[in-house]
Amino acid sequence: AEFGDGVAWKRVIEFVKCQKAFEHKDGGVRDAAKSLVVTLMAVHGEDIILQSLQDCEQVSERQLNEFRSRLAGHLASSTETWN
């Protein structure tokens with residue numbers, strides 16, 4: 001991940017929620033929010049980040065599953081890079 005462990009991930013998640021980025025009319029904003037969540041999951045752990053999104057009305061169970069799938073793909077491509 002590009003920004004490392006020092007990121008205050010809770011503030012980042014709250015910002016994304018407050019800006020309603022997950023349901024924004026611009027698909028690029030929605031994709032950026034998804035990419036950000038996946039990166040935070042890779043750095044700080046899947047469970048802690050997904051738990052912070054569970055109470056968010058903007059994020060459906062389908063989206064949570066999409067985050068998990070994207071993380072799996074992200075981790076697989078990272079592993080291939082190192083092999």
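This note sets out points on the fold, the surface and the cysteines of a predicted model.

1. Secondary structure. The chain contains four helices, and the count of strands is zero. In sequence order the elements read α-α-α-α.

2. Contacts along the sequence. Taking contacts between residues at least 6 apart in sequence, 67% of them link residues that are at least 24 apart.

3. Burial and surface. The chain has 83 residues, and 30% of these count as buried. Its accessible surface is about 5400 Å². Carbon and sulfur atoms account for 49% of that area.

4. Disulfides. A disulfide is a covalent bond between the sulfur atoms of two cysteines. The search covered the whole structure and returned zero disulfides. C18 is accordingly in none, and the nearest cysteine sulfur to its own belongs to C56, 9.4 Å away.

5. Why is the sulfur of C56 not bonded to that of C18? The closest cysteine sulfur to that of C56 is the one in C18, and the 9.4 Å between them is too far for a bond. The cut-off applied to such a pair of sulfur atoms is 2.5 Å, so a separation of 9.4 Å does not qualify.

6. Surroundings of the two cysteines. Is each of C18 and C56 buried or exposed? C18 has a relative accessible area of 59% and is exposed. C56, by contrast, is at 9% relative accessibility and counts as buried. The cut-offs behind these labels are under 20% for buried and over 50% for exposed.

Terms used
Residues numbered from 1 in each chain as written. Predicted model: local features only at pLDDT ≥ 70, side-chain atom pairs only at ≥ 80, totals over all residues. Heavy atoms only, no water. Helix = DSSP H or I, 4+ residues; strand = E, 2+ residues; numbered from the N terminus. Buried < 20%, exposed > 50% of the residue type's maximum accessible area, 1.4 Å probe, protein only. Contact = heavy atoms within 4.5 Å. Areas by Shrake-Rupley, 256 points an atom, 1.4 Å probe, with all protein chains shown as cover.
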